[in-house]
Structure formats: structure tokens, C-alpha cells
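User: Hello! I am new to this structure and would like to know how its descriptions are justified. Could you take me through them?

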Amino acid sequence: MRPKTCVVTGASKGIGRGIAERFGADGCEVVVNYRSSGEAAAETVDRVEQAGGSALAVQADVTDLAAVEAMRDEARDAFGSVDVLVNNAGITQDVQFKEMSHEEWDVVLDVHLDGTFHCTRTFYDDLAAAESGRLVNISSIIGKEGNFGQANYATAKAGIFGFTRTLAQELARTGSTANCVAPGFVRTAMVEELPEEIKETIRGDTPLGRLGTVEEIAEVVAFLASDGSSFITGEVIDVNGGKDL
Ligand code: NAP
């Protein structure tokens with residue numbers, strides 16, 4: 001059987017790297033997208049190969065449609081048509097709303113929403129043509145609960161829920177699926193940079209009493225990308241240690 005070709009945006013580090021590595025363990029061909037961390041992306045490629053897959057690092061800022069289209073061309077040249085797209089690239093720019101500039105609002109919405117639009121639009125035909133195409137979007141618990149200082153991020157992540165449910169309906173005609181994973185707080189650079197007392201509060205508010213790991217998120221993404229999830233579409237899977245209970 002031909003290995004699946006998977007594009008993971010923002011795979012130079014954190015959750016995206018974990019997803020790429022997990023796809024490698026399934027023998028997949030992985031396009032490791034990154035924006036600026038070329039060395040880290042090369043390390044992700046090594047890890048995917050060590051795990052048993054093949055990989056190619058491709059630089060593309062997801063806010064730039066022409067760059068995303070060039071990434072698709074590179075992906076097709078290397079591996080052929082794409083079966084799985086994981087929209088994972090993300091940033092935060094936290095500031096209390098009363099002080100938030102329009103630029104701080106825009107930059108976060110651009111990466112999460114325009115980035116997701118550009119990538120999904122660009123790979124849509126591949127996903128629709130694939131035997132079991134899979135779109136997996138990474139949202140966040142913050143999209144459901146909101147969070148002090150994150151009006152921009154919460155808005156973007158909430159938008160991903162509606163986008164996923166709509167794409168699930170439209171892609172269903174082709175037999176492909178669209179689902180969303182909403183992580184709680186996971187040990188990556190994005191969270192490690194929070195003050196220790198905030199991390200302690202998060203652990204206290206989480207029934208399982210700890211932050212999540214990238215492997216725990218990647219495992220769920222790998223399932224949603226697999227043939228085993230063929231009758232699941234339009235869902236949001238929370239992976240948050242029970243934090244919203
Ligand atoms: P991270 O460690 O900061 O990594 C972010 C990744 O996104 C990097 O690979 C970065 O690439 C890439 N990226 C950022 N802007 C980009 C752009 N314009 N174009 C292409 N790539 C871009 O973040 P993370 O914690 O792994 O988060 C990954 C995803 O999970 C995000 O969508 C985030 O919102 C979501 N999430 C995270 C948590 C958490 O607790 N960590 C919780 C819920 C949801 P470069 O370094 O090359 O720029």
C-alpha cells in the first residue's frame with residue numbers, strides 16, 4: 001500500500017513536530033512546514049526519518065497564499081498528491097483587550113484563520129481526490145472558554161470550530177473527513193514561557209493535575225488521520241486532562 005502523504009504546518013517544533021514524528025512512526029511521507037526555524041525543521045525531518053517515515057522540510061509562511069501554493073508544488077514533486085493536511089501553525093500575542101492594537105488582533109487572526117484558509121484551499125483538491133482524505137485542524141480549549149489577555153487567540157480558535165464543521169459537510173461528498181483537536185495546556189515553548197504561578201494555577205484547574213505532552217496530542221491527530229477514523233467527521237476532540245469539566 002502507498003504510504004500516506006501528510007502536510008503538517010508549523011512542524012519545526014512543539015505540537016507540529018510531535019505530529020510529524022508520529023506520522024513518521026506510521027511510515028508516512030511528511031511535509032514539515034515551517035516559517036523561520038530552518039534548523040529546527042531539519043531536526044524534525046531527522047526525527048521523522050528515524051521514526052520510520054520520509055520527510056521534506058518546506059519553508060512557507062501560511063499567511064502568504066503564493067508561498068503555500070509553492071509548498072504544494074514542492075510536496076507534489078517530492079511525494080505526489082497529498083492525503084492529510086494538519087493545520088497546526090500558530091502564534092500568540094497576548095495583551096489585555098483594552099490595550100490590544102489592531103495589529104496585535106490581525107497578526108493572530110492572520111496566522112490561524114487566513115493560514116488555515118490558504119492551506120485548506122490550496123490542498124482541497126488533493127484531499128477531495130484522496131481515497132480517504134483527512135483534514136485535521138488544531139484549535140484550543142481557549143476557543144471554547146476564552147482566556148484573559150487572549151481575545152485575539154480565542155476568537156481565532158473559536159473560528160476553527162465553525163470552519164471544521166463546514167468543511168466536514170462539504171468534504172463528505174468526496175468521502176474525506178474534517179475534524180478538529182482542541183488541546184488544553186501542553187508543554188511547548190508557547191506555554192513554557194508563561195510565569196510559573198500561572199502554570200501552577202493551570203495544573204490546579206486540571207483534574208489530571210498536569211500539563212499535556214505533545215505525544216498525547218499527536219496520538220489523537222494520528223488516529224483522526226488514519227483509516228480507522230473513517231466514520232468520524234465534523235468533531236472536536238478535546239485533549240485537555242479534563243480541564244473543562
Ligand atoms: P510552538 O511551539 O510555538 O510552535 C509553533 C509552530 O508554528 C512553529 O513551528 C512555527 O514555525 C509555526 N508557525 C508560526 N507562525 C507560522 C506561519 N505564519 N507560517 C508557518 N508556520 C508558522 O507552538 P505549539 O505550542 O506547538 O502550538 C501548535 C498549535 O497548537 C498552535 O496552533 C497552537 O495554537 C495550538 N495549541 C497549543 C497549545 C499549547 O498548550 N501549547 C494548546 C492548545 C492549542 P517557526 O518557528 O519556523 O516560525
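User: How do you know that strand β1 and β2 pair, and in which sense do they run?

Analyst: Happy to help, and please keep in mind that this is a predicted model. Strand β1 (residues 5-8) and β2 are joined by 4 bridges in the parallel sense. Two strands pair if there are at least two bridges between them, so 4 bridges are enough to call β1 and β2 a pair. To find one bridge yourself, start at Thr 5, whose partner in β2 is Glu 29.

User: What makes β2 mostly covered?

Analyst: Of the 6 residues in β2, 6 are buried. Both faces of the strand take part: Glu 29, Val 31 and Asn 33 point one way, Val 30, Val 32 and Tyr 34 point the other way, and all are buried. For a residue to be called buried, its relative accessible area has to be under 20%.

User: How many residues of strand β6 are buried, and which way do they point?

Analyst: In strand β6 (residues 177-183), 7 of the 7 residues are buried. Thr 177, Asn 179, Val 181 and Pro 183 point to one side, while Ala 178, Cys 180 and Ala 182 point to the other.

User: Which strands does β6 pair with, and how do you know?

Analyst: Strand β5 (residues 134-138) runs parallel to β6 and is joined to it by 5 bridges. β6 and β7 also pair in the parallel sense, over 4 bridges. Pairing needs at least two bridges, so both cases qualify. Cys 180 is a good place to look: it is the bridge partner of Asn 137, and its own partner in β7 is Val 236.

User: Why is the contact between Lys 144 and Asp 238 called a salt bridge?

Analyst: The N to O distance between their side chains is 2.7 Å. The limit is 4 Å between a side-chain nitrogen of Lys or Arg and a carboxyl oxygen of Asp or Glu, so this pair qualifies. This salt bridge links distant parts of the chain, with Lys 144 in helix α5 (residues 142-145) and Asp 238 in strand β7 (residues 236-239), 94 residues apart.

User: Are those two residues buried or exposed, or in between?

Analyst: Lys 144 has a relative accessible area of 44%, and Asp 238 has 31%. Buried is under 20% and exposed is over 50%, so Lys 144 and Asp 238 both count as partly exposed.

User: What makes Arg 22 and Asp 26 a salt bridge, and why is Arg 22 called partly exposed?

Analyst: Their closest N and O atoms are 3.0 Å apart, which is within the 4 Å limit. Arg 22 has 21% relative accessibility, and because buried means under 20%, Arg 22 counts as partly exposed. Its partner Asp 26, at 45%, is partly exposed as well.

User: How many salt bridges are there in total, and which residues form a network?

Analyst: The count comes to 16 salt bridges. One of them joins the side chains of Arg 210 and Glu 216, at 2.7 Å from N to O. Arg 210 is partly exposed at 39%, and so is Glu 216 at 32%. In addition, Glu 192, Glu 196, Lys 199, Glu 200 and Arg 203 form one network through salt bridges that share partners.

User: Which residues are closest to the ligand, and how do you know that Ser 37 makes a polar contact with it?

Analyst: The ligand is surrounded by 32 residues, the closest being Ser 12, Ser 37, Asn 88, Tyr 153 and Thr 188. An N or O atom in the Ser 37 side chain is 2.7 Å from a ligand oxygen. The cut-off is 3.5 Å, so this is a polar contact. By the side chain of Asp 61, the distance is 2.8 Å to a ligand nitrogen, and by that of Lys 157 it is 2.9 Å to a ligand oxygen.

User: How much of the ligand does the protein cover?

Analyst: On its own the ligand has 900 Å² of accessible area, and the protein covers 96% of this. Elements giving two or more residues to the shell include α1 (14-25), β2 (29-34) and α6 (151-172). The shell divides into 15 nonpolar, 13 polar and 4 charged residues.

Notes:
Residues numbered from 1 in each chain as written. Predicted model: local features only at pLDDT ≥ 70, side-chain atom pairs only at ≥ 80, totals over all residues. Heavy atoms only, no water. Buried < 20%, exposed > 50% of the residue type's maximum accessible area, 1.4 Å probe, protein only. Near = heavy atom within 4 Å. Polar contact = N/O pair within 3.5 Å; in protein donor to acceptor, adjacent residues only side chain to side chain. Areas by Shrake-Rupley, 256 points an atom, 1.4 Å probe, with all protein chains shown as cover. Nonpolar A, V, L, I, M, F, W, Y, C, P; charged D, E, K, R; others polar.
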